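Open the model in a viewer and keep the sequence panel beside it. The stops below say what to select and what is found there.

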Amino acid sequence: EVDRFIKRYCELSNQEINHAVSIQEGLKPESFQIQGETIIASDIAGIRNAINFIGQSVGKPSTYKSGNHAPSFKIRGVIEGFYGTPWSHEQRKRGLIHFAKRNMNAFVFAPKDDPWQRFDWRTPFKESFLSSTGELVELGRELLIDVNVCVSPGLTISYSSKDDLNALLVRYQQLHDIGVHRFGLLLDDIPGDLQFDEDRERFESLALAHAELANNVNQAISSFSDFNTLFVCPLQYHGRGHEPYISELGNKLEPDIDLCLS
């Protein structure tokens, strides 16, 4: 497995190493040491990071390659979540390679102005989308980049509607079927109040509606696989973290749901 990963990763990233490689228990995840011409790594991710480090050290003093190296935080990546023209499929593939070479481990696929993301979420994904996204997921797996795919239904969803929830879950099931295990539910950049009479009658606040939606999605994707996880970007994601909406939402979310705050 190690030799196969090294060969494929070097091929994808256009790098090479001539070091011996050893995996050692007890090291921090994704970490490595370089002792002479030997890489001692915690795991496959540590080997990848060592290959990157060696590649970036070409032409520098050999002492630069010594010491212990570990990431400073667990999730490191890039969000394609901007407004404007989305990246092309080829740009995303090049991006994944670029991210991997910089020791990143996550890519959040959420282009705001691509209709599938925010405007047409009730329609099941087309096979062409699933095929190209599946290719990204597989490439990410080879590069140790976790491809997170998001849906943003908040512009038009009725939080009381079972039909809307079921339509949303169809998409998450389709994504799971192509190998996605990390899902996003994005509820940012949407109206700040409940839009439908049935929602205003059922929920005392928007935060409670968001919490129920997120919990229902989380329960569904957890039933697809024990490996699946969900993160939520809330309506209000910037501040001190104790604002009324955030506090209410956070207290009602299931504890295994991650909440995006800045």
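## Stop 1: a ring pair in helix 1

Select phenylalanine 5 and tyrosine 9, which lie 4 residues apart in helix 1 and are therefore separated by about one helical turn. The model is a predicted one. Phenylalanine 5 has a relative accessible area of 11%, so it is buried. Tyrosine 9 is buried too, at 0% relative accessibility.

Now show the two side chains as sticks. A pair of aromatic rings is described by the distance of the centres and the angle of the planes. In the whole model, 12 aromatic pairs are counted. For phenylalanine 5 and tyrosine 9, the ring centres are 5.6 Å apart and the planes stand at 10 degrees; stacked pairs have planes under 30 degrees apart, so this pair is stacked.

## Stop 2: helix 1 against helix 3

Keep tyrosine 9 selected and add residues 2-13 (helix 1) and residues 89-101 (helix 3). The two helices pack at an angle of about 115 degrees, and their axes are 10 Å apart. The crossing of helix 1 past helix 3 is left-handed. Which residues make the contact? Helix 1 supplies Tyr9, Leu12 and Ser13, while helix 3 supplies Ile97, Ala100 and Lys101. Of these residues, 4 are nonpolar, 1 is polar and 1 is charged.

## Stop 3: tryptophan 116 and phenylalanine 129

Move to tryptophan 116 and phenylalanine 129, whose ring centres are 4.8 Å apart. Is this pair stacked or tilted? The planes are at 50 degrees, so the pair is tilted. Tryptophan 116 sits in helix 4 (residues 115-118) and phenylalanine 129 in helix 5 (residues 127-143), 13 residues apart, and the pair links distant parts of the chain. Both residues are buried: tryptophan 116 has a relative accessible area of 8%, and phenylalanine 129 one of 14%.

Extend the selection to Phe82, Trp87, Phe99, Phe107, Phe109 and Phe125; together with Trp116 and Phe129 they form one aromatic cluster.

## Stop 4: two loop residues

Select alanine 110, in the loop between strand 6 (106-109) and helix 4. Its relative accessibility is 1%, so alanine 110 counts as buried. Glutamate 80 is 30 residues away along the chain, yet its C-alpha atom is 5.5 Å from that of alanine 110. Apart from residues up to four places away in sequence, alanine 110 touches Glu80, Gly81, Gln117, Cys150 and Leu186.

Next, select glutamine 24, in the loop between strand 1 (20-23) and strand 2 (32-35). Is glutamine 24 buried or partly exposed? With a relative accessible area of 38%, glutamine 24 is partly exposed. The C-alpha atoms of glutamine 24 and isoleucine 40 are 6.4 Å apart, with the two positions 16 residues apart in sequence numbering. Setting aside neighbours within four places in sequence, the contacts of glutamine 24 are Ile40, Ala41 and Ser42.

## Stop 5: helix 8

Finish with residues 206-224, which make up helix 8. Its 19 residues should span 27 Å at 1.5 Å a residue, and the end C-alpha atoms are 28 Å apart, which agrees. Colour the buried residues of helix 8, among them Leu206, His210, Leu213, Asn215, Val217, Asn218 and Ile221. What do the buried residues pack against? Their partners are helix 6 (162-177), strand 8 (182-186), strand 9 (229-233) and helix 9 (244-252).

Definitions and conventions
Residues numbered from 1 in each chain as written. Predicted model: local features only at pLDDT ≥ 70, side-chain atom pairs only at ≥ 80, totals over all residues. Heavy atoms only, no water. Axes fitted to C-alpha atoms, helices over the stretch in contact; angles between N-to-C directions. Left-handed = near helix turned anticlockwise from the far one by under 90°. Contact = heavy atoms within 4.5 Å. Nonpolar A, V, L, I, M, F, W, Y, C, P; charged D, E, K, R; others polar. Expected span 1.5 Å × (residues − 1). Buried < 20%, exposed > 50% of the residue type's maximum accessible area, 1.4 Å probe, protein only. Phe/Tyr/Trp six-rings, centres within 6.5 Å; stacked < 30°, edge-to-face > 60°.
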